[in-house]
Amino acid sequence: MSLAQLSVAGSCPAAIGASGRLLHTVIPGAWGSGKHTLALRITKHSRLKKFSSGDLIRENMLRDTEIGVLTKVFMDQGKLIPDHVMTRVTLHELKNFSQESWLLCGFPRTLRQAEALDRVYQIHLVLNLNVPSEVIQQRLSARWIHPGSGRVYNLEFKPPKVVGVDDLTGEPFVQQAEGLRRPTKPVLEYYRKKGVLETFSGTETNEIWPCMHALLQTKVPQIDSKASVIP
């Protein structure tokens, strides 16, 4: 039985030490699954460089790069960003960190993206978040996005200055379409067959984190080996 399948109520085994090798990790959860919050905790405790696919896209849009301009066209049309665009921007960033362990947040989401990533990097660990759909839908009901820039607002934690419009442009924003952003079953099956998939089930970050932290302690050097699992 894997660590991820154990109950989080104090039954995770003690850490047995990190391997010391470079670790390539992905956390491809759906919008609203809590992956960004967990990714921040991971990088707070572990020596992993975090990359968010959403952040990379937003940075390119702000810099008006070729990728940023192309991405804006798709977003303005309400379309998903194509696989080849998401793959290109992600791989371009990763090539600058060949000597670091890293964590990809929100990528890959499709089998094509996973296969393209696999052609360049070996993925050692995939952290899959199994959060009930009703919980995700409840979280997303408060989350909105400005399509022109990708800026995200949360009516509970990060509300806009004026209800319904972007802080910088005054343009209206739209609600995120969670169903279009959930990693596909073929992606999870792809990594399961490779033996690198670990699934963590729960409804809250604090419920999932203890076993995830225990697992990572065996995989990657920690910033502080005595740090508590509570942030």
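1. Salt bridges. The structure, a predicted model, holds five salt bridges. Those considered below involve K50, D55 and R58, which are joined into one network by salt bridges that share partners, and the pair formed by R88 and E66.

2. The contact between D55 and K50. D55 forms a salt bridge with K50, and the closest N and O atoms lie 3.9 Å apart. The separation falls within the 4 Å cut-off that defines a salt bridge, so the pair is counted as one. D55 is partly exposed, at a relative accessible area of 29%, and K50 is likewise partly exposed, at 22%.

3. The contact between R58 and D55. D55 is also bound in a salt bridge to R58, with 2.8 Å between the closest N and O atoms. Both R58 and D55 belong to helix α2, which covers residues 53-62. They are three residues apart, about one turn of the helix. R58 has a relative accessible area of 23% and is therefore classed as partly exposed.

4. The contact between R88 and E66. A further salt bridge brings together the side chains of R88 and E66, at 3.3 Å from N to O. This pair links distant parts of the chain: R88 lies in helix α4 (residues 83-94) and E66 in helix α3 (residues 66-76), with the two positions 22 residues apart in numbering. R88 is partly exposed, with a relative accessible area of 44%. E66 has a relative accessibility of 58% and counts as exposed because the threshold for that class is over 50%.

5. Strand pairing. Strand β3 (residues 102-105) pairs with strand β1 (residues 24-27) in the parallel sense over four bridges. Strand β2 (residues 49-52) also pairs with β3 in the parallel sense, again over four bridges. In the pairing of β1 with β3, I27 stands opposite C105. On the β2 side, K50 stands opposite L103 of β3. K50 thus appears in two settings: it faces L103 in β3, and K50 also takes part in the salt bridge with D55.

6. Side-chain directions in β3. W102 and L104 point one way from the strand, whereas L103 and C105 point the other way. All four of these residues are buried. Two of them have been named above as partners across the strands: C105 opposite I27, and L103 opposite K50. The accessibility of K50 itself is that of a partly exposed residue, at 22%, while L103 is buried.

Note on methods:
Residues numbered from 1 in each chain as written. Predicted model: local features only at pLDDT ≥ 70, side-chain atom pairs only at ≥ 80, totals over all residues. Heavy atoms only, no water. Buried < 20%, exposed > 50% of the residue type's maximum accessible area, 1.4 Å probe, protein only. Pairing = 2+ DSSP bridges.
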